[in-house]
Amino acid sequence: MNFVSLSFLLFLFVAAVCYYVMPKITRPFWMLACSYTFYLYDPENAPFVALLLGMTAATYLLGLLIQICPVKPVRIAAVAAAVLGCSGVLGWGLYLHTAIKPTALAGLMVPLGSSYFTFAALGYIIDVYRGKTRAERNPLYYALFVSFFPCIVTGPIERAGNLLPQFKRKVTFDYNRVSGGMFRILWGCFKKLVIADTIGGIVGTVFGKPAQYSGPILLIACLLFTYQLYCDFSAASDIAIGAAAVFGIEVMENFTRPLAASSYTELWRRWHISLSSWFRDYLYFPLGGSRKGKLRAHVNQVIVFSVSGLWHGLTPGYLIWGLLNGVFLAVGKETSAVRGRIAARNPLYRLSALKSVIQAVIVYLLFTATLVFFRAASLSDAAVIYGGLWQGWDVVFSQSSRFLSSLSAVGWKDAVPWIILGGAFGVELLEFWRIPVNQLIRRIPFFVRWPLYYALIILIGFYGQFGSSGFIYQQY
Amino acid sequence: MKRFFLTAGSRLLSAVRLAVGAALLAPLPLLMVWYNYTVDCSGFFQGDAYLREVGNMVLEGKDIVGYEKMNDQQREILKIFVNNIDPVPDVIALGSSRIMQLSRDVLHIDSFFNCSVTGGDRADVMGTFYLFDREDRLPKTFIIGFDPWLLRSDIIDKRTDKELYAEFLEKCLGVPSDVEYVETDDEEKWLALYSPEYFQNNLSYASRDTTGVDKPQVVEGDVYQQTTEVKRGDGSLLYDVNYRNRSQEERDTDALFQCGNFLYMEDYDEVDQECVELFDKFFAYAQERGVNIVIMLTPYPPIVYDYCEENAEDYGGFLDTEPTIRELAAKYDIPVYGSYDPDKIEGVTKADFYDGLHCTAEAVEKIIGGEDGENEQFMHDLGY
């Protein structure tokens, strides 16, 4: 079921009404039924429900075994079995996604949510092994944790320690929480349909045939892709968090204004937090983390990001994206002290606001540089983009009308993209000054707040790109 | 007790706030549904928007010019007529352009609409009947302009809605058809009603710039002095003033062209019994549904008919059609007016034809007997 559809809103409404009407003891099981209904709503997911059920049953039993069995080799074997099984599912999904993506069968064969439920289940098994979480004895609660519908499509990748206790907690209806959740969904729909998908049209055109475009257009498309990816992915998280809040479940934040980050390390502390922290806890730390010296820490970082890159797809582009991020982080940390000393003498950095802006711009540009490999269809396309970036700049100044018509040709028509980007920039600026706009809207008086709700809905109705695509991260 | 009241009060407050929120949000989706239904650019609910615009002009009783540009879409507009005509007229005419001169003025009946279409064949006749039948909007009487090609099995106009015809044959007459028809997909239609995507399409459609678009216009000035064809508000057709006033020589030239190039009648040796059986079932079905049928045979110009008689061996199918249909009509007690043979209609001469196929409104008046609607039998047959 598509998050940004009226079917989903209707589904959510019915699910929530029944949830609050039902006796409290039955609510988690109702949520489980809703999660499987959500999963099976699109008939093409039906073949994969066996995979979801199988993985749920297997990891549930392995969890119990690890908890109960005192024999360490058996417990290790159970963890190994879970790791192998989950990696197998992830690998299978990756193979299908990478190898069969260009064919029409791709959509039918890649299991929806496989990343979410394998990461969630694997994290649970490791946590049980480490003694951080007790094995869940009730299989229905565990099944709900693995298939929790707000998170199954694009995350956030939740931890058993956070979700399972919430399922058992008595939830009473709280108007502020429910309406806050609904607003978060509305905010997510706006970001996805109006901002991300409008930008996505332009980005898709340019990245589709990069050789046809000059440097300025390529640069605009690259810069826009970063923002598209942020809006698209964070919108999915907003909707997931909002939907969970409607049911009184608090899901972890996945993005905390990452594009305002003043360093690359900070960017990755704010971007896709649930996956980053998952890799940190279950890969980086087991590799030794930073406990075995600086060099080893940097190597571990690069390994983690390379794996993260390959998780997106078994292509050189994703691998390079991961490697570059790992390297940028390592270089960032290594040069931190030197940069600090230089910064102290930089006159532009005397104004703290200007310093933050300059740093955020540099981080944005570096991140964009890596994302070219992420978005380009192939390495040769990425090379074309990097080669083309330096050409055709004279047109911007000498033949501005030609440049504007090129912009128009890639979809930057009329005032709509300007208005959307202007509005988005305004929101980013407010957030840069630590004013969270979506929370601000929830706090302002009723007579101002409701017209804003109306405006958001009307803007979605007028400028939303309906039916254009799913979420970018839905495919991973 | 105090805790109970506090909890109950808090829940009541939440319920009220929720209800107010829902009430405040409700107008937006309702507005979208209303807009989607009203503008309906894809014609899910009211037919194609552009065609609907044209169709509604006619249904409002307006005479329009430029309708000939829409010859290929007449069947679609017909569906709009059927769905939107209100109330359903007492009398509906079915057939081809050869019956398009049948009008309210000719019949002296206000409750009449001419649903004939250019190139109308048996699939059009039965399909149009079915459109009314399917919507349970049958009139009192159908006047069928029975053209000779209706009994010729291989004549189906390329513009005909064959699926509609097939549906009628299979569902109503119990006759299997080679053409497969697809049941109307209501799901898509109702999904469109609350689709934001459809809302955007409707917004674009409603705000489009139609300046300079060449489309039918309401007649300005004297309707009888128009230099293009006029689709009358009753569905009948008024040829342009120049065509109506052509010299006899020009009309005869057209008639002579039909001799040897007779539309749909060349290589037609005998009436197709398959079609006769089909109309047999059709008449039985129509009577079962409580509808009067009146058959009208509009004449051919004397030049054409005489040529066919002289070459009877080549036009056996044409010449046999009239006796066959009269025999079939008699079986169901269906009145038949007119004849393909102009000599059999009192007062009809070659001057009563615009060309080699189409007779004038005056000729139709002569068929029904009298210029002032004084043919009581005809009015009785129409159900008055």
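## A tour of chains A and B

Start in chain B with B:I64, which sits opposite B:V218 of strand 5 of chain B. The model on screen is a predicted one. Select strand 1 (residues 64-65) of chain B together with strand 5 of chain B: the two pair in the antiparallel sense, over 2 bridges.

**The antiparallel sheet of chain B**

Widen the selection to the whole sheet. It is open and has 4 strands, which run in the order 5-1-6-7 in chain B with antiparallel pairing. Which strands stand at the edges? They are strand 5 (217-218) and strand 7 (237-238) of chain B; each has a single partner strand, so one side of each is left without a neighbour in the sheet.

**The parallel sheet of chain B**

Next, select strands 3, 2, 4, 8 and 9 of chain B. These 5 strands make an open sheet in the order 3-2-4-8-9, and the pairing here is parallel. At its edges are strand 3 (112-114) and strand 9 (336-338) of chain B, each with a single partner strand, so one side of each lacks a neighbour in the sheet. From one strand to the next, the twist averages 20°.

Inside this sheet, pick strand 2 (residues 91-94) and strand 4 (residues 141-145) of chain B, which pair in the parallel sense over 4 bridges. To see one such pairing, show B:L94 and its bridge partner in strand 4 of chain B, B:I144.

Keep those two strands displayed and add helix 6 (residues 122-134) of chain B. Helix 6 of chain B lies across strand 2 and strand 4 of chain B, and runs at about 150° to strand 2 of chain B. Then add helix 15 (residues 361-368) of chain B, which lies across strand 8 (292-297) and strand 9 of chain B. The angle between helix 15 and strand 8 of chain B is about 125°.

**Domains of chain B**

Now colour chain B by domain. The assignment has domain 1 at 1-30 and domain 2 at 64-191 + 212-381. Taken over C-alpha atoms, the centres of domain 1 and domain 2 of chain B are 64 Å apart.

**Domains of chain A**

Move to chain A and colour it in the same way. Domain 1 of chain A covers 27-170, and domain 2 of chain A covers 178-471. Their C-alpha centres are separated by 28 Å. How many residues of domain 1 of chain A are in contact with domain 2 of chain A? There are 29, and they meet 29 residues of domain 2 of chain A.

**Two helix pairs in chain A**

Select helix 2 (residues 27-40) and helix 3 (residues 49-68) of chain A. They pack at an angle of about 145°, with axes 11 Å apart. Show the side chains at the contact: A:Y36, A:Y39 and A:L40 from helix 2 of chain A, and A:V49, A:L52, A:L53 and A:T56 from helix 3 of chain A. By class, this contact of helix 2 with helix 3 of chain A has 6 nonpolar residues, 1 polar and no charged ones.

Finish with helix 13 (residues 273-284) and helix 14 (residues 294-312) of chain A. The angle between these helices is about 125°, and their axes lie 11 Å apart. Helix 13 and helix 14 of chain A are therefore oblique to each other, and their crossing is right-handed. From helix 13 of chain A, show A:L275, A:F279, A:L283 and A:Y284. Across from them in helix 14 of chain A are A:A297, A:N300, A:Q301, A:V304, A:V307, A:S308 and A:W311. The contact of helix 13 with helix 14 of chain A comprises 8 nonpolar, 3 polar and no charged residues.

How values were computed. Residues numbered from 1 in each chain as written. Chains lettered and ligands numbered in written order. Predicted model: local features only at pLDDT ≥ 70, side-chain atom pairs only at ≥ 80, totals over all residues. Heavy atoms only, no water. Axes fitted to C-alpha atoms, helices over the stretch in contact; angles between N-to-C directions. Parallel < 35°, antiparallel > 145°, perpendicular 65-115°, else oblique. Left-handed = near helix turned anticlockwise from the far one by under 90°. Contact = heavy atoms within 4.5 Å. Nonpolar A, V, L, I, M, F, W, Y, C, P; charged D, E, K, R; others polar. Pairing = 2+ DSSP bridges. Domains from an automatic or database assignment.
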